[in-house]
Amino acid sequence: MATSKFSQVDEYGFVRPNDFDYGTYEVFMSKYLKVLAVRAKKWTKLIQEGKSISRSRILKRYIRKGIPNEYRGQIWSHVSGVEDIKLQFGHDLFQRLLEGPHNQEIVDSINTDIPRTFPDNIFFSNVHEERPLQLYRILLAYAHHNRKVGYCQGLNYIAGLLLLVTKNEETVFWLLKVLVERLLPDYYSRTMDGVITDIDVLSELVRFRLPDLHMHIKSLGFPWAVIATKWLICLYVDVLPVETVLRIWDCFFYEGSKILFRVAITLISKHNQTLLHCDDFGKMAECFKEIIKDYFTLHCHDFLQSIFKTPGSLKMITIDNLRTKITEERRVKEKSKNKPIR
């Protein structure tokens, strides 16, 4: 039997599944490694020359083509506004929060979820080792900083992957803060209003772009929440291949939440015909599970190019207008429902 030059464990510590297709992966990596080498050279030159990493068409193009792993923490922090937040709250905020006091209920909730975080990752296999302890401190500090959110399930996966990439708990704390409070407000609140609204936004975007599929899914009584909740709240972690997720996050930290919709629409559009042939609820659910395993999602470089072509124009103002419309419709509906009967 032919052997692979790739380990059973990827560079982030995830153990590859038994049915992992090493042959397909080797074909992909033989091309992608060349892309990574070129991008690393260009990013190194950009950073070593001390050029200002300010928002520009050039930086946007660089980011869309991928940030080298060694620069991700630095670039994500810079483009998402972390430095401004540090000035506002103080660079020592993380350490101050760790000093306590700490709410025991929050402590218990976090301790319950730490062993469940990435059970297939060698760095999280023992809760007493460095990475799980760092993750605990990040989640503990943030939960006590943002009392409105506290600790929300799903944040452990996001913070965990941020930690595997940046290897720095303070960097992860600040990135988590900007992500939860600026990029995805109300996603991780107790009511999860942001996620609920954005699931409806995705439904509307599909209705505009793929009306036949939207009608078909509606006729089956298939709720978008069944599939889209995990996509959105976990930012595709534990949904798509890790390197593809990180390429998505490169763009997300720079361009905002519209990137999440671009990914969803690309996945759905690519499998439009397959989804149209699902003739019952169960088959539709299975089909959605299968489309995220498609070979197409492994090819992160090609996949990222597709998310900027397949959905066509998708501006942040379009997303915001849909959010406003959907929120207002829900408010009116709730008001009508609670109106006393005379």
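Three exercises on a predicted model follow, each with a worked solution.

**Exercise 1. The interface between the domains**

Task: Where do the two domains lie in the chain, how far apart are their C-alpha centres, and which residues of domain 1 supply 50% of the area it buries against domain 2?

Solution.
Step 1. Set the bounds. Domain 1 covers 81-183. Domain 2 covers 193-329.
Step 2. Take the distance between centres. The C-alpha centres of domain 1 and domain 2 are 27 Å apart.
Step 3. List the participants. Domain 1 brings eleven residues to the contact, and domain 2 brings twelve residues.
Step 4. Take the area. About 1,000 Å² is buried between domain 1 and domain 2. Carbon and sulfur atoms give 88% of that area.
Step 5. Find the main contributors. I158, L161 and L183 supply 50% of the area that domain 1 buries against domain 2. That is more than any other three residues.

**Exercise 2. Chemistry of the domain 1 side**

Task: How many salt bridges and polar contacts cross the interface, and which elements of domain 1 give two or more residues to its side?

Solution.
Step 1. Search for salt bridges. The rule finds zero across the interface of domain 1 and domain 2.
Step 2. Search for polar contacts. With both residues at pLDDT 80 or more, the rule finds zero residue pairs across this interface.
Step 3. Assign the elements. On the side of domain 1 that touches domain 2, α8 (155-166) and α9 (169-183) each give two or more residues.
Step 4. Rank them. α8 gives the most to this side, with five residues.
Step 5. Sort by class. The residues on this side of domain 1 divide into ten nonpolar, one polar and no charged.

**Exercise 3. Two residues in helices**

Task: Place S203 and R61 in their helices. Is each one buried, partly exposed or exposed?

Solution.
Step 1. Locate S203. This residue is in helix α10, residues 193-209.
Step 2. Classify S203. Its relative accessible area is 12%. Buried means under 20%, so S203 is buried.
Step 3. Look for its partners. Neighbours within four places in sequence are left aside. S203 is then in contact with H214 and W224.
Step 4. Locate R61. Helix α2, residues 57-64, holds R61.
Step 5. Classify R61. Its relative accessibility is 44%. The value falls between the 20% and 50% cut-offs, so R61 counts as partly exposed.
Step 6. Compare sequence and space for R61 and C251. They are 190 residues apart in sequence. From C-alpha to C-alpha they are 9.7 Å apart in space.

Methods
Residues are numbered from 1 along each chain as its sequence is written. This is a predicted model: local features need pLDDT of at least 70, side-chain atom pairs count only at pLDDT 80 or more; totals for chains, interfaces and linings use all residues. Side-chain values use heavy atoms; hydrogens and water are left out. Helices (H or I, at least four residues) and strands (E, at least two) are DSSP runs, numbered from the N terminus. Buried means under 20% relative accessible area, exposed over 50%, partly exposed in between (1.4 Å probe, protein chains only). Contact means heavy atoms within 4.5 Å. Domain bounds come from an automatic or database domain assignment. Buried area is the accessible area (1.4 Å probe) that two parts lose on being put together, summed over both. A salt bridge is a side-chain nitrogen of Lys or Arg within 4 Å of a carboxyl oxygen of Asp or Glu. A polar contact is a pair of N or O atoms within 3.5 Å; within protein, one must be able to donate a hydrogen and the other to accept it, and residues adjacent in sequence count only if both atoms are side-chain atoms. Ala, Val, Leu, Ile, Met, Phe, Trp, Tyr, Cys and Pro count as nonpolar, Asp, Glu, Lys and Arg as charged, and the others, Gly among them, as polar.
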